[in-house]
Amino acid sequence: MPRISRLTRSEVSGNSLAIYDRVLRDRGNVPNMFRTMAHRPQLFETIIAHMDAVLKTGTLSTALKELVIVRTSQLNCTEYCLASHTALAKRLGWNDEQIAALHDAPASELFSAAEKAAIHLAEVMTVDSHSYSDEDFAKLRSFYSEGEVVELMAAIGLFNYFNRFNDLLQMEPSKPASAEELAQLNEPVTA
C-alpha cells in the first residue's frame, strides 16, 4: 500500500493536467513518483520541467546520462528507479552485460575511458562527494567540458534526490496505463 496516494487524471487540473497528459502520451504511463508529486502542482510541474532539461538538453547523449543514472540507482539500491531507468538505458543501446559490469567499471573493457570517468563521478558523488580528488576532476575534465560536467552532475544529483524520495515512500514500479486512462487523453476532465 502506498504511503502517499497517487493522483489520477481526474484529480489534477490546470497546468498539471496538461503536463500529466503529455507524460502519459509520451511514456504510456504517469510514473507513480510523479502522480505522488502531483499533490503539490508546483512541484509536479517544475520537477517534470527539470527532469526534461537534465535528460533532453545539453551536448551529452541521453544514453550516457541514463548510464550514470542507473549506476546512481544501483548504489542507492532503489528498485523503483532501477526498473524504469535500466529499461531506458537498454533502449538507448546499453546491454545486460554492461549494466552488470557497472559494479566494477574500472576493470571492465565494456566501457570507454570517458564512460569510466563518468561512472566514477556517479559513484563518488553518490557515496562521498567530499572524497572526489583534484586528480579525479582533472581526469573527468580531460573528457568533458565544464558544461558537460554540469550535465553529468545534474543527472546524478537529480537521481540521488529521486532515489531518496522513492525509497522513503517505498515506491513500487509503475505499470503501463490502462486503456481507459489512455482513452481519457482526448476527453476533457469534468469537475
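**Entry 1: H1 and H3**

In which hand of crossing, left-handed or right-handed, does H1 pass H3? I looked this up in a predicted model, and I found that H1 passes H3 in a left-handed crossing. I then noted that the axes of the two helices, H1 and H3, come within 9 Å and cross at roughly 40°. H1 and H3 are therefore oblique to each other.

Next I listed the residues of this contact. From H1, I recorded Asn-15, Ser-16, Ile-19, Tyr-20, Arg-22, Val-23 and Arg-27. From H3, I recorded Pro-41, Phe-44, Glu-45, Ile-48, Met-51 and Asp-52. Sorted by class, the contact of H1 with H3 has seven nonpolar, two polar and four charged residues.

**Entry 2: Ile-19**

I chose one residue of H1 for a separate look. Ile-19 is found in helix H1, which covers residues 14–27. Is Ile-19 buried or exposed? Its relative accessibility is 17%, so I entered Ile-19 as buried, the cut-off for buried being under 20%.

Leaving aside residues up to four places away in sequence, I found that Ile-19 touches Phe-44, Glu-45 and Ile-48. I also looked up a distance across the model. Ile-19 and Ser-108 are 89 residues apart along the chain, and their C-alpha atoms are separated by 40 Å.

**Entry 3: Salt bridges**

I recalled a general point before turning to charged residues: side chains of opposite charge can pair when their charged atoms come close. How many salt bridges does the count come to? I recorded eight salt bridges.

I examined Lys-56 and Asp-52 at the start. Lys-56 forms a salt bridge with Asp-52, and the closest N and O atoms are 3.6 Å apart. Both Lys-56 and Asp-52 lie in helix H3, residues 41–56. They are four residues apart, which is about one turn of the helix. Lys-56 has 59% relative accessibility, so I entered Lys-56 as exposed.

I then turned to Lys-65 and Glu-151, whose side chains meet in a salt bridge of 3.1 Å, N to O. This pair links distant parts of the chain, with Lys-65 in helix H4 (residues 62–75), Glu-151 in helix H9, and the two positions 86 residues apart. Lys-65 has a relative accessible area of 0%, so I noted Lys-65 as buried. Glu-151 also counts as buried, at 12% relative accessibility.

My next pair was Asp-96 and Lys-90. The side chains of Asp-96 and Lys-90 meet in a salt bridge of 2.3 Å, N to O. Lys-90 counts as partly exposed, at 38% relative accessibility. I also found a network: Arg-22, Asp-26, Asp-52 and Lys-56 are joined into one by salt bridges that share partners.

**Entry 4: Surroundings of Glu-151**

Which residues does Glu-151 touch, not counting residues up to four places away in sequence? I listed Thr-57, Gly-58, Thr-59, Leu-60 and Lys-65. I noted again that Lys-65 and Glu-151 meet in a salt bridge.

**Entry 5: H4 and H5**

I moved on to H4 and its contact with helix H5, residues 79–91. The axes of H4 and H5 come within 9 Å and cross at roughly 155°. That makes H4 roughly antiparallel to H5, since angles over 145 degrees are counted in that way. H4 passes H5 in a left-handed crossing.

On the H4 side, the contact is made by Glu-66, Ile-69, Val-70, Ser-73 and Gln-74. On the H5 side, I listed Cys-81, Leu-82, His-85, Thr-86, Leu-88 and Ala-89. By class, the contact of H4 with H5 has six nonpolar, four polar and one charged residues.

**Entry 6: H7 and H9**

At what angle do H7 and H9 pack? I found an angle of about 45° between helix H7 (residues 113–127) and helix H9 (residues 146–168), with their axes 10 Å apart. That angle makes H7 oblique to H9. I entered the crossing of H7 and H9 as right-handed.

The H7 residues in this contact are Ala-118, Leu-121, Ala-122, Met-125 and Thr-126. They meet Leu-152, Met-153, Ile-156, Gly-157, Asn-160 and Arg-164 in H9. I recorded that the residues of the contact of H7 with H9 divide into seven nonpolar, three polar and one charged.

Terms used:
Residues numbered from 1 in each chain as written. Predicted model: local features only at pLDDT ≥ 70, side-chain atom pairs only at ≥ 80, totals over all residues. Heavy atoms only, no water. Axes fitted to C-alpha atoms, helices over the stretch in contact; angles between N-to-C directions. Parallel < 35°, antiparallel > 145°, perpendicular 65-115°, else oblique. Left-handed = near helix turned anticlockwise from the far one by under 90°. Contact = heavy atoms within 4.5 Å. Nonpolar A, V, L, I, M, F, W, Y, C, P; charged D, E, K, R; others polar. Salt bridge = Lys/Arg side-chain N within 4 Å of Asp/Glu carboxyl O. Buried < 20%, exposed > 50% of the residue type's maximum accessible area, 1.4 Å probe, protein only.
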